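Welcome! Here is a short tour for anyone meeting this structure for the first time. Take a look at the sequence and the model, and then read on.

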Amino acid sequence: MRDYDAATAFLGEWGRFQRLVFFLLSASIIPNGFNGLSIVFLAGTPEHRCVVPRGANLSGEWRNASIPLELRDGQEVPSRCRRYRLAALANFSALGLRPGSDVELEALEQEPCLDGWEYSRDVYRSTIVTEWNLVCDNDWKGPLSTSLFFVGVLVGSFISGQLSDKFGRKNVLFATLAMQTGFSFIQVFSTSWEMFSVLFVLVGMGQISNYVAAFVLGTEILGKSVRVLFCTLGVCIFYAFGYMLLPLFAFFLRDWRMLLLALTLPGLLCIPLWWIIPESPRWLISMGRFQEAEDIIRKAAKTNGITAPDVIFDPSELQDVNSQKQQTYTILDLMRTRNILTITIMSVLLWMIISVGYFGLSLDTPNLHGDVYVNCFLSAVIEVPAYIISWLLLRNLPRRYSMAAALFLGGCVLLFIQLVPSHLSVLSILLVMLGKFGITSAFSMVYVYTAELYPTVVRNMGVGASSMASRLGSILSPYFVYLGAYDRFLPYILMGSLTVLSGILTLFLPESYGMPLPDTIDQMLRVKGLEYRPPSSSTRESKEEEENPEIFKSTAF
């Protein structure tokens with residue numbers, strides 16, 4: 001019996017057809033880069049203070065003194081959420097008393113911003129924060145909008161796989177691209193924070209679904225050698241390119257509605273791809289649609305200038321895995337043995353912590369010193385070398401030490417930030433970017449490492465459970481950033497400590513570099529420090545396989 005790879009080997013690995021699929025699918029990821037983190041600018045919080053109405057009957061001197069001072073980052077600045085009680089100030093002003101000399105301001109009664117806020121327009125002309133006053137008592141709504149987007153991502157990651165298995169990779173890719181673009185367009189016309197947030201959940205669902213569909217479609221169409229390149233560099237670097245475009249759009253479009261519209265419209269450029277990107281022939285074969293799969297391969301052969309054989313897919317020759325009686329596995333199998341349970345717990349913690357660090361640092365760029373647009377651009381640019389370095393490490397060095405080194409680098413520099421003097425703000429920014437570099441590298445490597453640790457029979461469930469933990473981490477990440485309002489260094493201390501702990505955790509995982517991929521739970525690599533029963537016959541057989549000099553150095557999904 002021949003498998004799919006053997007049947008299509010005549011196409012070659014890197015012909016014109018494969019290059020077209022590689023770059024067009026990678027390009028479809030670009031909108032995810034700028035839409036995924038657009039909330040950085042859509043929900044930007046400018047400097048603000050209480051409005052003192054013109055009819056308050058205050059002299060100029062009392063108007064200037066109406067906002068109390070508070071200590072922030074070691075400096076006295078006007079309060080953002082409080083003002084002195086205007087009725088009392090009006091009485092003092094009418095009596096001709098002067099603030100400071102005649103009246104001790106610290107002893108005066110204060111009140112909240114009863115007449116609203118006035119916002120600085122130095123950085124943003126308008127954001128959802130200024131539109132719906134998401135400050136002071138309502139400042140929790142900004143992070144909640146971000147978390148709701150990631151809730152949509154979590155739900156979308158659950159359903160996207162099932163939808164693409166049932167309706168096809170291409171159909172789901174373009175349906176969810178339309179969903180992301182359509183709901184994002186409606187979001188431009190939001191009339192309330194509640195409407196904006198509900199639509200943001202749907203945009204998140206569409207975004208992750210088309211990302212996963214493009215990822216799966218690429219891995220199923222491309223050959224073995226190109227597949228790893230697509231999974232690591234293709235998808236990730238094009239995502240980073242999209243992320244780089246975000247601050248560029250935001251710099252020229254300071255109004256949140258115009259910015260969101262500009263970020264939505266590029267989705268329309270994906271429409272012509274419907275007639276270029278094919279359906280997955282593997283999926284068509286799994287559905288018994290052999291003729292359609294063969295038509296796609298013949299068209300690909302013509303594009304590559306290759307003559308296709310008379311018969312490409314013989315239904316009787318191809319393995320029909322669905323017809324074979326196989327043992328079924330459930331999520332409970334991830335806890336069947338002490339070894340797989342330990343690996344599952346460690347993987348879940350690792351993915352969650354890395355996700356908190358990655359999204360926490362990405363969302364925190366407005367809180368750094370300096371220009372928010374430059375900082376966001378630097379945060380995007382640093383991802384490109386991080387992805388390249390992680391790809392090189394995966395090819396040439398052990399997984400465990402590569403992951404641990406990246407996490408130790410990311411965590412230690414974040415912890416060091418609190419020791420940097422306040423006047424060396426450039427050094428603080430460099431350390432944050434170095435931390436982002438380390439955590440992004442680890443994020444890129446953890447996909448491959450986790451897939452190599454789990455056996456074939458539960459690999460999809462193992463990576464899926466870890467990915468779900470990653471989504472939970474992204475939902476929590478806005479609140480790590482939110483803690484910066486109370487202490488500027490607290491988010492870095494927490495993220496740095498957790499990242500260092502995850503680096504230590506990684507050292508206890510088994511090393512998968514150069515090892516054959518396990519097929520059964522008994523063949524799994526062992527966690528260091530656990531005691532085991534004598535290996536079964538299936539384990540001994542796997543040990544003999546491991547001694548085979550032909551070993552894998554990378555994993556294709």
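Let's start with one ion pair in this predicted model: Arg-83 and Asp-115 form a salt bridge, with their closest N and O atoms 2.8 Å apart. The two residues come from distant parts of the chain, since Arg-83 sits in strand 4 and Asp-115 in the loop between strand 5 and strand 6 (117–119), 32 residues apart. Arg-83 has a further partner, and shared salt bridges join Arg-83, Glu-111 and Asp-115 into one network.

**Salt bridges**

- How many salt bridges does the count come to? The total is 10 salt bridges.
- Within the network around Arg-83, the side chains of Glu-111 and Arg-83 meet at 2.8 Å, N to O. Glu-111 belongs to strand 5 and Arg-83 to strand 4 (residues 82–84), so this salt bridge ties together parts that are 28 residues apart in sequence.
- Are the members of this network buried or exposed? Arg-83 is buried, with a relative accessible area of 2%. Glu-111 also counts as buried, at 11% relative accessibility, whereas Asp-115 is partly exposed at 42%.
- Another salt bridge joins the side chains of Arg-98 and Glu-61, at 3.1 Å from N to O. Arg-98 lies in the loop between helix 6 (86–94) and strand 5 (110–112), and Glu-61 lies in helix 5 (residues 60–64), so the pair ties together parts that are 37 residues apart in sequence.
- Both partners of that pair are partly exposed: Arg-98 has a relative accessible area of 46%, and Glu-61 has a relative accessibility of 36%.

**The chain as a whole**

- The chain holds 22 helices and 6 strands.
- Of its 557 residues, 52% are buried.
- Take the contacts between residues at least 6 apart in sequence: 80% of them join residues at least 24 apart.
- The accessible surface of the chain is about 26000 Å², and carbon and sulfur atoms account for 62% of that area.

**Pockets and cavities**

- A word on the idea first: rolling a probe the size of a water molecule over the atoms shows where empty space is left.
- The second largest pocket has a volume of about 1800 Å³. Its lining is made up of 47 residues, and those nearest its centre are Thr-45, Glu-47, Arg-80, Asn-367 and Ala-485.
- Which elements give two or more residues to the lining of the second largest pocket? They are helix 4 (39–42), strand 2 (69–72), strand 3 (75–78), helix 8 (141–167), helix 20 (459–482) and helix 21 (490–506).
- By class, the lining of the second largest pocket has 24 nonpolar, 13 polar and 10 charged residues.
- As for enclosed spaces, the count comes to 5 cavities of 30 Å³ or more. The largest cavity has a volume of about 70 Å³.
- The residues that line the largest cavity are Asn-367, Leu-368, His-369, Ile-417, Ser-428, Ile-429, Val-432, Arg-488 and Tyr-492. Helix 19 (residues 425–453) gives the largest share of this lining, 3 residues.
- Sorted by class, the lining of the largest cavity has 5 nonpolar, 3 polar and 1 charged residues.
- Asn-367 is worth finding on the model: this residue is among those nearest the centre of the second largest pocket, and Asn-367 also lines the largest cavity.

**Residues to look up in the loops**

- Where does Pro-309 lie? Pro-309 is in the loop between helix 14 (290–303) and helix 15 (338–363), and this proline is partly exposed, with a relative accessible area of 33%.
- Leaving aside its neighbours within four places in sequence, Pro-309 is in contact with Phe-10 and Arg-298. Pro-309 and Phe-10 are 299 residues apart along the chain, yet their C-alpha atoms are separated by 8.6 Å.
- Asn-133 is not a glycine, but its phi is positive, at about 50°. Asn-133 lies in the loop between helix 7 (128–132) and helix 8 and is partly exposed, with a relative accessible area of 27%.
- Cys-136 is likewise found in the loop between helix 7 and helix 8. Its phi is near 55°, a positive value in a residue other than glycine.
- Is Cys-136 buried or exposed? At 14% relative accessibility, Cys-136 falls under the 20% cut-off and so counts as buried.

Note on methods: Residues are numbered from 1 along each chain as its sequence is written. Side-chain values use heavy atoms; hydrogens and water are left out. A salt bridge is a side-chain nitrogen of Lys or Arg within 4 Å of a carboxyl oxygen of Asp or Glu. Helices (H or I, at least four residues) and strands (E, at least two) are DSSP runs, numbered from the N terminus. Buried means under 20% relative accessible area, exposed over 50%, partly exposed in between (1.4 Å probe, protein chains only). On a 1 Å grid over the protein atoms alone, a cavity is a set of points where a 1.4 Å probe fits but cannot get out, and a pocket is an open set with protein on both sides within 12 Å along at least five of seven lines; lining residues have an atom within 4 Å of a point. Grid points are joined across faces, edges and corners, and a volume is the space filled by probe spheres set on the points. Ala, Val, Leu, Ile, Met, Phe, Trp, Tyr, Cys and Pro count as nonpolar, Asp, Glu, Lys and Arg as charged, and the others, Gly among them, as polar. Contact means heavy atoms within 4.5 Å. Accessible areas come from the Shrake-Rupley method with a 1.4 Å probe; for residues, only the protein chains shown count as cover.
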